[in-house]
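I set out to look up the aromatic rings in this structure and to note how they sit against one another. Here is what I am working from.

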Amino acid sequence: MTSDADDALSWDGDDDGTVQKPVAKPVEKPVQKPVLPHGWNAVGKDSESVGRPEDDIAVAEPAELRPLSTPMLLIVGIIGGVYLLYTVGWIVGGLKLQGSALFLIPGVMYQVALWAAVLAPALWFAAVWLLTRRSAGWIRALGLLAGAVLLVPWPFVMTGVVGS
C-alpha cells in the first residue's frame, strides 16, 4: 500500500497508467560542521574541521543571560520594599530629632548627615545589585540582608515606636 497524499482523493481502479505522479526529490540538508562547546578542544584526525562557538557568534557570558530565579526575585522584591520603608523611616526619624540635634551640632552638618542617611538604603541596594551581577545568588542575597541589618533607621525605631 502506498502512502501518497493523493491516495485519499482517488478511487480503486482510477490508476489507468496514463497519469504520471510527480516524484519527490530528496531534500538535501546543508552540511554543518560540528561545533564543540566552550572550553572543549578537538584532537585527532580532522580536528581542524571542527568549528568553535566563537567562530560563528559572539559567546555571551552565561551569568549575563541568566534571569533571576523565582526565590531570588522574591528576596530582591521583599528586601527592596524593606529598604524603601527604611528610607521613609530615616526621613521621619531624622526630622523628629532635628530640634534636639541642633543643640549639639550645626544645622548644615545635621542636614548633610540626614540626607546621607536617607540615601543610604537606595545606594546600598544599587551597589549590591551592580557589584554582584556575576556572582552567585546567595552572595547577592547575603549583601542585601547585611544592608537590611546595618541600615535600620534607629531614630525612627527609638522615637517612633518605643519613645515619644
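Which residues form one aromatic cluster? Working from a predicted model, I found that Tyr83, Tyr86, Phe125 and Trp129 form it.

Entry on the pairs. I looked up the aromatic pairs and the count came to 3. One of them joins Tyr83 and Phe125, which meet edge-to-face, with 6.0 Å from centre to centre and 90° between the planes. I then checked where these two residues lie: Tyr83 is in helix H3, residues 70-96, and Phe125 is in helix H5, residues 107-131, so this pair ties together parts that are 42 residues apart in sequence.

Entry on exposure. I looked up how much of each partner can be reached, and Tyr83 is buried at a relative accessible area of 3%, whereas Phe125 is partly exposed at 23%. I noted that the cut-off for buried is under 20%, so the 23% of Phe125 puts this residue in the partly exposed class.

Entry on the second partner of Phe125. I found that Phe125 also pairs with Trp129, and here the rings are stacked, with 6.2 Å between the centres and 15° between the planes. Both residues belong to helix H5, where they are 4 residues apart, and that separates them by about one helical turn. Trp129 is partly exposed as well, with a relative accessibility of 32%.

Entry on a charge. Last, I looked at what lies over the face of Trp129, and I found Arg140 there, at 4.2 Å from the ring centre.

Note on methods: Residues numbered from 1 in each chain as written. Predicted model: local features only at pLDDT ≥ 70, side-chain atom pairs only at ≥ 80, totals over all residues. Heavy atoms only, no water. Phe/Tyr/Trp six-rings, centres within 6.5 Å; stacked < 30°, edge-to-face > 60°. Buried < 20%, exposed > 50% of the residue type's maximum accessible area, 1.4 Å probe, protein only. Lys NZ or Arg CZ within 6 Å of the ring centre and 35° of its normal.
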